[in-house]
Amino acid sequence: MLFFCVLLVISIITFLAKRKSMPPKQQGIIFALYGLTIGLLVCLQLQYNQILPFGHLSTYIAPLKNWIERWM
Amino acid sequence: MIHKQVINHRQTAWLVGSVLMTAMMISSLHKIVAISKMDAWFSQIFPVGYAIVVAFVLAELSRAYPGKNLFEILFIVCGKWIGGFINLILLGYIWIILTLDIKGASEFFRQTLLPRTPVEIILIVFVLLMMYYGRTSLEVAARVNEIYFPAYFVLSMMLYFLLGNEYNVERLEPILSTDLAKIFASNLLPIGIYGDILLFGAFLHASTHPRLFFAAMKHGIIIVGFTVSMLLLILLGVMGFTIASRLNFPIFILVQQIHVTDFLDRIEIILFSLWFPAFTIKVIVAYLAFLVCLGSFGGQQHYNAFNLPSGWFLVVTSLLAFPRVYDFDTFLSYTLPVIVLVIQIPLLLFLYIHARMNRTMDTQVTIPKGTKLYRFYRFMVWTGGIALGGCLVTLVAGDLFVDKSVFAGFFTAGMYLVFFFIALIASYGEMQALNHGKQKLGQGKRAGSFRQ
């Protein structure tokens, strides 16, 4: 994780140094991506860190899952 | 992205093969086997048909909006806000594919080949590799794929011979005794993976010959259908459905069963060192599509600027997603097919109607009518269509009407495989005929079939 954080910090510094030459839309997207990355990295350090809803999506399609598993 | 790139029809077909086939090797096969048991190898015909329809719509879009990719077309057709919203959904869909593949591959390698290496290390190394390719383009991935995909395909087919001493045809019997509804249900699961064909929408602007583009994608899809059917046939013949349905990574265990001689005991290491680059190509194609989609939001032709932030974002989200193999497996089997059908069917229907209304580029004339080549092309198109239809008819008729005797079972199964193989050969003939037609018309010396 330390290696990852070092790489992340280097790329953010590089972006901040170069951002003047970038169009505003491009800057906005890159800011959003770095912001999300840092936010999720903080979440990753928490004890219950499984915040992405992939696991829960199956709950919403339970009828299909049950229908398919009926055949097993 | 701004420079011209050359990707020919064969590279397109093999890229489609890599994208669709390698993802299936990780995990999805055991659920299919659990549903339709010894008849699981009939589970590819509906997904193949679905992927061909998607490829057809993409080719129609390429004809109606030459030089534009799927995301740009959506902005043109739907406007800035609605088009942006739909593109955001597509961006989320591609992100799901990437997360699923990165985490799936990392968990697979940790549990099978690298048990002492933390999953974070495998994941970061994998994403760094993606970011390296993200600095390049689809052309580089296509060229690397030309080395690995044929080797991967040949080794997959050779499994039948390498595992000949473990194979018992009785494990497949009684053929087509499974209820037709179960076979239909098992045909639904691979749709999630075959839906990845939509990724090629990100590279539509590179297509200058939509008909050839479609023929190449169709050939790639049928290669996948045939190869996966054969792999399932080998898997079931070696392990039987009971064992195969209970393994998380059945193909890995299948390859481990190869015992040709005592000194060739670890053939899986050789096979997986070929499988890994082929799988990497699949993830790289998805990653490039992700970057192109982001680029369309930024209004930029160059997507290199998004490479580093996208890579780090994917590392973190992949670490957070799918904590257990069970979650990954459930998502791949049940949720992904629903996501694919819910997103793709309305979108493609809407875009197809628009494409028919705005068709500007008539490329049906790549082969002059009345020539021998044109007759050969028509023959191949019809043969391919009839052969795929024949697969379906054999499956339904074999399950409903033919008695369950050993002879009848093998006859219908043989017919199914022969029809599938004819479809494969016909799709190759169709692609080659179109390519020869293009060359004869003197268009071959342009900057390749597809430019990006």
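**Salt bridges and the chain A–chain B contact**

Let's start inside chain B of this predicted model: E107(B) has a relative accessible area of 8%, so it counts as buried, the cut-off being under 20%. Its salt-bridge partner is R110(B), with N and O 3.2 Å apart. The two share helix α4 of chain B, where 3 residues, about one turn, separate them. R110(B), in turn, is partly exposed, because its relative accessibility is 29% and that class runs between 20% and 50%.

A similar spacing turns up in helix α3 (residues 45–64) of chain B, where E60(B) and R63(B) lie 3 residues apart. Their closest N and O atoms are 3.1 Å from each other in a salt bridge, and both residues are buried.

Now for a pair that reaches across the sequence: D196(B) and K282(B) form a salt bridge at 2.6 Å. D196(B) sits in the loop between α8 and α9 of chain B and K282(B) in helix α11, so this pair ties together parts 86 residues apart in sequence. Both of these residues are buried as well. Shared partners also link E60(B), R63(B) and R356(B) into one salt-bridge network. Over all chains, the search finds 9 salt bridges.

What about the interface? Between chain B and chain A there are 0 salt bridges, and 1 residue pair is in polar contact. On the side of chain B that touches chain A, α12(B) gives the largest share, 10 residues. That side divides into 31 nonpolar, 7 polar and 4 charged residues. The two chains bury about 3500 Å² between them, 82% of it from carbon and sulfur atoms. W312(B), L320(B) and Y334(B) supply 22% of the area that chain B buries there, more than any other three residues.

Note on methods
Residues are numbered from 1 along each chain as its sequence is written. Chains are lettered from A and ligands numbered from 1 in the order in which they are written. This is a predicted model: local features need pLDDT of at least 70, side-chain atom pairs count only at pLDDT 80 or more; totals for chains, interfaces and linings use all residues. Side-chain values use heavy atoms; hydrogens and water are left out. Buried area is the accessible area (1.4 Å probe) that two parts lose on being put together, summed over both. A salt bridge is a side-chain nitrogen of Lys or Arg within 4 Å of a carboxyl oxygen of Asp or Glu. A polar contact is a pair of N or O atoms within 3.5 Å; within protein, one must be able to donate a hydrogen and the other to accept it, and residues adjacent in sequence count only if both atoms are side-chain atoms. Helices (H or I, at least four residues) and strands (E, at least two) are DSSP runs, numbered from the N terminus. Ala, Val, Leu, Ile, Met, Phe, Trp, Tyr, Cys and Pro count as nonpolar, Asp, Glu, Lys and Arg as charged, and the others, Gly among them, as polar. Buried means under 20% relative accessible area, exposed over 50%, partly exposed in between (1.4 Å probe, protein chains only).
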